[in-house]
Amino acid sequence: MLRFLIRLGVFLGLAAVALLLSALLIPGMHLHWQGFLVAIIVFAVVQAAIEWLVGAIFRRGAPAVAGAAGLISTAAALLLASLGDGITFDGIAPWVLAAVLIWLITGLIGWLAGKYLLPKVAPGKPKA
């Protein structure tokens, strides 16, 4: 349960950091503070659900498709999160750039967090 809560916190934190960095770096992407929290939650939940679904379907048969699923889920989650008041785009180019940048940020930081914040315990060894 503790591991799940840590992963949830990391995932929501990653969504917030990635959205903030993208809004700072990409002209044409705007965050509106009144809907930012809702946008983070919508983005994180939609991305997690799509990534899990596509990963469950394609992970064994086509790992490359499962890797691309992260980009697809990020783009879809960003589109759905932008339906509310939290995120707006001035066109399709900022949306595409934001999807790629957010995918890169969440992938890199998520990998680092998983490697260093959630160490795996080998079977048969006691937890330290």
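Reader: If buried means under 20% relative accessible area and exposed means over 50%, with partly exposed in between (1.4 Å probe, protein chains only), is Trp33 buried or exposed?

Author: Trp33 counts as exposed, because its relative accessibility is 61%. This is a predicted model, in which local features need pLDDT of at least 70 and side-chain atom pairs count only at pLDDT 80 or more, while totals for chains, interfaces and linings use all residues. Residues are numbered from 1 along each chain as its sequence is written, and side-chain values use heavy atoms, with hydrogens and water left out.

Reader: How many aromatic pairs does a search of the whole structure find?

Author: The search finds one, and its members are Trp33 and Phe36, which meet edge-to-face at 5.3 Å centre to centre with 70° between the planes. Rings of Phe, Tyr and Trp (its six-membered ring) pair if their centres lie within 6.5 Å, and planes under 30 degrees apart count as stacked, over 60 as edge-to-face and the rest as tilted.

Reader: And where do Trp33 and Phe36 sit in helix α2?

Author: They are three residues apart in α2, so about one helical turn separates them; helices here are DSSP runs (H or I, at least four residues) and strands are E runs of at least two, numbered from the N terminus. Phe36, at a relative accessible area of 10%, is buried.

Reader: Changing topic, which residues touch the most other members of the largest nonpolar core?

Author: That core has 23 residues, and Leu19, Met29, Phe43, Leu78, Ile87, Ala98 and Ile102 touch the most other members. At least two residues each come from α1, β1 (29-31), α2 (33-58), α3 (63-81), β2 (87-89) and α4, with α2 giving the most, six. A nonpolar core is a set of buried Ala, Val, Leu, Ile, Met, Phe, Trp, Tyr and Cys residues joined through side-chain atoms within 4.5 Å.

Reader: What does Ile87 touch?

Author: Leaving aside residues up to four places away in sequence, Ile87 touches Leu19, Met29, His30, Leu31, His32, Ala39, Leu78, Ala81 and Ser82, where contact means heavy atoms within 4.5 Å.

Reader: Is Thr74 buried or exposed?

Author: Thr74 lies in helix α3 and is buried, with a relative accessible area of 0%. Beyond residues up to four places away in sequence, Thr74 touches Phe43, Gln47, Ala99, Ile102 and Trp103.

Reader: And what about Trp111, buried or exposed?

Author: Trp111 is found in helix α4 and counts as exposed because its relative accessibility is 52%.
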